Amino acid sequence: GTFIIMPNHLHGILIFHNPTQFPTVGATRWVAQNTRKATLQKGLLGSVLGQFKSAVTKRHWKMNDVSGVKIWQRGYYERIVRNERELNAIQWYVENNPIRWAEDRENLDALLARMVRR
């Protein structure tokens, strides 16, 4: 679905075409077990995002000739989109997120600029 990559985070809509096959969402199963031996069930949101984060991390390490550098925060925010109205609103939010970057509290450049002007 719709996605945007921001300077320090990303937004995206993942579409699961057969949601009744995987009724559980989130990383609950893995986090609750809290062990490296834990396995995630194929197709669950936690598994998909874990694989995505792993692939991006490995590529980042290779492209920048570094290893072991943490680039992700733990976890993620999830929301189940239940109807077309919600989907449209979330798509609008994602697509317009860059316009609001100057006011984002995580935008340290903008924060520093405001502090210098005082």
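**Notebook: salt bridge, surface patch, helix α4**

I started at Glu86, which at 22% relative accessibility counts as partly exposed. The cut-off for buried is under 20%, so Glu86 falls outside that class. I note here that the model is predicted.

**Partner of Glu86.** I looked up what the Glu86 side chain meets. It forms a salt bridge with the side chain of Arg79, at 3.7 Å from N to O. Side chains of opposite charge can pair when their charged atoms come close. Arg79 counts as exposed, at 52% relative accessibility. I then checked the count of salt bridges, and it comes to one.

**Overall layout.** I went through the elements next. I find four helices and two strands. From the N terminus on, the order is β-β-α-α-α-α. How much of the chain is buried? Of its 118 residues, 18% count as buried. The chain exposes about 10,100 Å², and carbon and sulfur atoms supply 56% of that area. I also looked at contacts with a separation of 6 or more. Residues 24 or more positions apart account for 46% of them.

**Nonpolar patch.** Which residues form the nonpolar patch on the surface? I list Phe3, Ile5, Leu10, Phe52, Val56, Val66, Val69 and Ile71. Together they have about 680 Å² of accessible area. I asked which elements contribute. Strand β1 (3-5) and helix α2 (45-63) each supply at least two residues of the patch.

I took two members one by one. Leu10 sits in strand β2, residues 10-12. Its relative accessible area is 40%, so I log Leu10 as partly exposed. Patch residues need over 30%, and Leu10 passes because it has 40%.

Val69 is placed in the loop between α2 and α3 (84-96). With a relative accessible area of 37%, Val69 is also partly exposed. I checked its spacing to Thr57. The two are 12 residues apart in sequence, and their C-alpha atoms are 8.4 Å apart in space.

**Helix α4.** Is this helix largely in the open or largely buried? I looked at its 10 residues, 108-117. The number buried is one, so α4 lies largely in the open. I then looked at its N-terminal end, which Asn107 caps. A side-chain oxygen of Asn107 lies 3.2 Å from the backbone nitrogen of Asp109.

Notes. Residues numbered from 1 in each chain as written. Predicted model: local features only at pLDDT ≥ 70, side-chain atom pairs only at ≥ 80, totals over all residues. Heavy atoms only, no water. Patch = residues over 30% accessible without salt bridge, like charges linked within 9 Å, V, L, I, M, F, W, Y side chains within 5 Å. Areas by Shrake-Rupley, 256 points an atom, 1.4 Å probe, with all protein chains shown as cover. Salt bridge = Lys/Arg side-chain N within 4 Å of Asp/Glu carboxyl O. Buried < 20%, exposed > 50% of the residue type's maximum accessible area, 1.4 Å probe, protein only. Polar contact = N/O pair within 3.5 Å; in protein donor to acceptor, adjacent residues only side chain to side chain. Contact = heavy atoms within 4.5 Å.
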